[in-house]
Amino acid sequence: MKKLQTNHWVLVGKIGRPHGIKGFVKIHSLTEPATNIIKYLPWYDNNKKSLAVLKCEKLGNKVIALFDEKEKPDVNTELWIERNQLPPLKEHEYYWTDLIGLNVYNQENQYLGEVTEIFNTGANDIMSVENKEDRKKILIPFLFNNYIIKIDLAEKIMRVDWHED
């Protein structure tokens, strides 16, 4: 996930290659599960212009979409939504987009780096934390009350129980 988000806009996917002969294109979703992107219509392009989606459907665990031919977006066009299209979260739930860019400190107040990426391994989510000064990258499981102690989105800080050897 990129760090282009603002508080108002959230990147949820990207236009892929054509699919079949009826004008559909593949949608590369950044939502979890991938098919959730359908719930967040309407989509907007990089310029925050609403895209004319004529049809959007699941294809197994993937998504394809048909756009108005006159306004069809190009391959690799990013798909954005307004933040208010997302459902509210419960306590200790976060959208990945909000965690990217947080500064990570351990309990001894040692700076570990910045969250640059989050991905799922099947067992749990993993955060990639990169320290640009010493070019170190560490992977921390996103397990609240195990490794993740506190998240302060307003201050852009995350506290973790993690020790560098």
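# Two sheets and a pocket: a chat about a predicted model

Biologist: Happy to look at this predicted model with you! In what order do the strands of the open sheet of five strands run?

Modeller: Good place to start. Pairing in this open sheet is antiparallel. At its edges stand β3 (53-59) and β5 (78-82), each of which pairs on one side only. The twist averages 35 degrees from one strand to the next. Read across the five strands, the order is β3-β4-β2-β1-β5.

Biologist: Within that sheet, which residue of β2 is the bridge partner of Pro 18?

Modeller: Let's look at how the two strands meet. β1 and β2 (residues 24-29) run antiparallel and are joined by five bridges. In β2, the partner of Pro 18 is Val 25.

Biologist: Now the open sheet of six strands: which strands stand at its edges?

Modeller: The pairing here is mixed, and the order is β9-β8-β7-β6-β11-β10. From one strand to the next, the twist averages 35 degrees. An edge strand has a single partner, so one side of it is left without a neighbour in the sheet, and that describes β9 and β10.

Biologist: Ser 128 caught my eye. Is Ser 128 buried or exposed?

Modeller: Ser 128 is found in strand β8 (residues 125-131). Six of the seven residues of β8 are buried, so the strand is largely enclosed by the rest of the structure. Leaving aside neighbours within four places in sequence, Ser 128 is in contact with Glu 114, Val 115, Thr 116, Glu 117, Lys 137, Ile 138 and Leu 139. Because its relative accessibility is 1%, and the cut-off is under 20%, Ser 128 counts as buried.

Biologist: Which residue in the turn between β7 and β8 has a positive phi?

Modeller: β7 and β8 run antiparallel, joined by six bridges, and Val 115 stands opposite Val 129 in β8. The two strands form a hairpin with four residues between them. In that turn, the residue with a positive phi, about 100 degrees, is Gly 122.

Biologist: And on the other side, which residue takes a positive phi in the hairpin of β8 and β9?

Modeller: β8 pairs with β9 (residues 136-141) in the antiparallel sense over six bridges. Met 127 stands opposite Ile 140, and Val 129 stands opposite Ile 138. This hairpin has four residues between the strands, and the one with a positive phi near 60 degrees is Arg 135.

Biologist: How far apart in space are Ile 149 and Val 160, C-alpha to C-alpha?

Modeller: Ile 149 lies in strand β10 (residues 148-152) and is partly exposed, with a relative accessible area of 34%. Not counting residues up to four places away in sequence, Ile 149 touches Gln 107, Phe 144, Arg 159, Val 160 and Asp 161. So Val 160 is among its contacts. The pair is 11 residues apart in sequence, and in space the C-alpha to C-alpha distance is 5.1 Å.

Biologist: One for the docking crowd: what is the volume of the largest pocket?

Modeller: Of the 23 residues that line this pocket, the closest to its centre are Leu 30, Thr 31, Glu 32, Tyr 95 and Trp 96. The elements giving two or more residues to the lining are β1 (9-19), α1 (96-99) and β7 (111-120). By class, the lining has 14 nonpolar, five polar and four charged residues. The volume of the largest pocket is about 610 Å³.

Notes:
Residues numbered from 1 in each chain as written. Predicted model: local features only at pLDDT ≥ 70, side-chain atom pairs only at ≥ 80, totals over all residues. Heavy atoms only, no water. 1 Å grid on protein atoms, 1.4 Å probe; cavity = no way out; pocket = protein on both sides within 12 Å on 5 of 7 lines; lining within 4 Å. Points joined across faces, edges and corners; volume = space filled by probe spheres on them. Nonpolar A, V, L, I, M, F, W, Y, C, P; charged D, E, K, R; others polar. Pairing = 2+ DSSP bridges. Axes fitted to C-alpha atoms, helices over the stretch in contact; angles between N-to-C directions. Buried < 20%, exposed > 50% of the residue type's maximum accessible area, 1.4 Å probe, protein only. Contact = heavy atoms within 4.5 Å.
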